[in-house]
Amino acid sequence: MSYVLGIDGGGSKTVCVLMNDKCEIIGRGEAGSANYQTVGIEAAKYSIESAINTALIQYKNIKINAICLGLAGVGREKDIEVVEKIVKEIPVTRNIKQQNIIISHDALIALVGGIGNDVGIVVAAGTGSIVFGRNHRGETKRVGGWGYILGDEGGAYKIAVAGLQAAFKAYDGRGVFTSLREDFKSYFGLNNIEELIEIVYRSGLGVKDIAALAPIVDNAAFLGDEVANLIIDDAVEELVKATSVVINEIFVEGEFLEVVTTGSVWKGKCKMWERFVSCINRDFVNVKVIFPRFEAVYGAGLLGLRCLGKG
């Protein structure tokens, strides 16, 4: 029996699974963030090691044959070198053969987990956004994932910012009426929307705090607000564009493929997912849009098994 570790390291938590060569998860552990660029190398190492130790708590004496880590913020050779060093410093994993250590960005494991294999496209839209695809030839294409300043169109942060801007435009009189003005006032318990300035600029609202306001825009769109619906339509359009680029660049015209959607924005009430599916099916009749079949960390485990020729 062979055993592998699959790790999904996001900006807020790290999940590790212990998987056998029957593709069964037999152990699981969770810890804090493993994004070393935001929490530092030592904190990232602690999270990874803690998640591993928890997953192995009932299997302390087994040999781990491979490990796959899908981590947020890992996209360059330098990042991979940092994570490789971390893996080699963890007692349980330091003896794993180099060729059995897989380190990738989290979009790849989301693709493999979501579809069940490594061919297709993942459209991840949570706080930010990224579209990533891989074809049968092993060619990959990434669009987006450039962060809240340079990109992330279609993600919750950009939706929330667009909603806030629309509310202030309406307040100024340079934009059309939108219920968002009152919605934001009500949400924060404000007497005047101008009080939002203090909250946004001086109270230290972070990216995730602002992204958490996206459901306000979603709800307004669900209730029929025209401005909110335009914001949602713009978000969908950006994700459709990004997906179309991936399809056209690495897949054969007319080839059947699956597109898996992951992230919080697809769970809203305003039918953003259905809008996306309609646009994709209009332009690509052989594409099937699905929700994830498995979680991303399961995809990490599958990739670990595949480097052993199993799974």
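**Helix packing, sheets and nonpolar cores**

Helix α10 passes α11 in a left-handed crossing, a crossing being called left-handed if the near helix is turned anticlockwise from the far one by less than a right angle, and right-handed if clockwise. Helices (H or I, at least four residues) and strands (E, at least two) are DSSP runs numbered from the N terminus. The model is predicted: local features need pLDDT of at least 70 and side-chain atom pairs count only at pLDDT 80 or more, while totals for chains, interfaces and linings use all residues. Residues are numbered from 1 along each chain as its sequence is written, and side-chain values use heavy atoms, with hydrogens and water left out.

The axes of α10 (residues 214-222) and α11 are 7 Å apart and make an angle of about 115°; axes are lines fitted to C-alpha atoms, for helices over the stretch in contact, and angles run from 0 to 180 degrees between N-to-C directions. V217, A220 and A221 of α10 meet A228, N229, I231 and I232 of α11, contact meaning heavy atoms within 4.5 Å. Of the residues in this contact, six are nonpolar, one is polar and none is charged (Ala, Val, Leu, Ile, Met, Phe, Trp, Tyr, Cys and Pro count as nonpolar, Asp, Glu, Lys and Arg as charged, and the others, Gly among them, as polar).

The largest nonpolar core contains 54 residues, and those with the most contacts inside it are I121, I159, L180, F184, W266, M272 and F276. Helix α11 (residues 226-250) supplies the largest share of this core, twelve residues. A second, separate core of 26 residues includes Y3, C16, I52 and L71. A nonpolar core is here a set of buried Ala, Val, Leu, Ile, Met, Phe, Trp, Tyr and Cys residues joined through side-chain atoms within 4.5 Å; buried means under 20% relative accessible area, exposed over 50% and partly exposed in between (1.4 Å probe, protein chains only). Beyond its neighbours within four places in sequence, L180 touches G163, A166, A167, I216, V217, A220, A228 and I231.

One open sheet of mixed pairing has five strands in the order β3-β2-β1-β4-β5, two strands being paired if DSSP finds at least two bridges between them. β3 (25-31) and β5 (101-105) are the edges, each with a single partner strand, so one side of each lacks a neighbour in the sheet. The average twist from one strand to the next is 15°. β1 (residues 3-9) and β2 (residues 14-20) run antiparallel and are joined by seven bridges, with V17 of β2 as the bridge partner of G6. Helix α2 (residues 41-55) packs on this sheet against β1, β2, β3 and β4 (66-71), its direction making about 145° with that of β3. Helix α3 (residues 77-88) lies across β4 and β5, at about 140° to β5.

A further open, mixed sheet has five strands in the order β8-β7-β6-β9-β10. Its edge strands, β8 (140-144) and β10 (287-290), each pair on one side only. Six bridges connect β6 (residues 120-125) and β7 (residues 129-134) in the antiparallel sense, and A124 stands opposite I130 in β7. Helix α4 (residues 106-115) lies across β6, β7, β9 (257-262) and β10, running at about 115° to β6. Helix α11 also packs on the sheet, touching β6, β7, β8, β9 and β10, at about 160° to the direction of β8.

Strand β9 is largely enclosed by the rest of the structure, because six of its six residues are buried. L257, V259 and T261 lie on one side and E258, V260 and T262 on the other. β9 runs parallel to β6, with four bridges, and V260 in β9 stands opposite V122. β9 and β10 are likewise parallel, over four bridges, and K288 in β10 is the bridge partner of E258.
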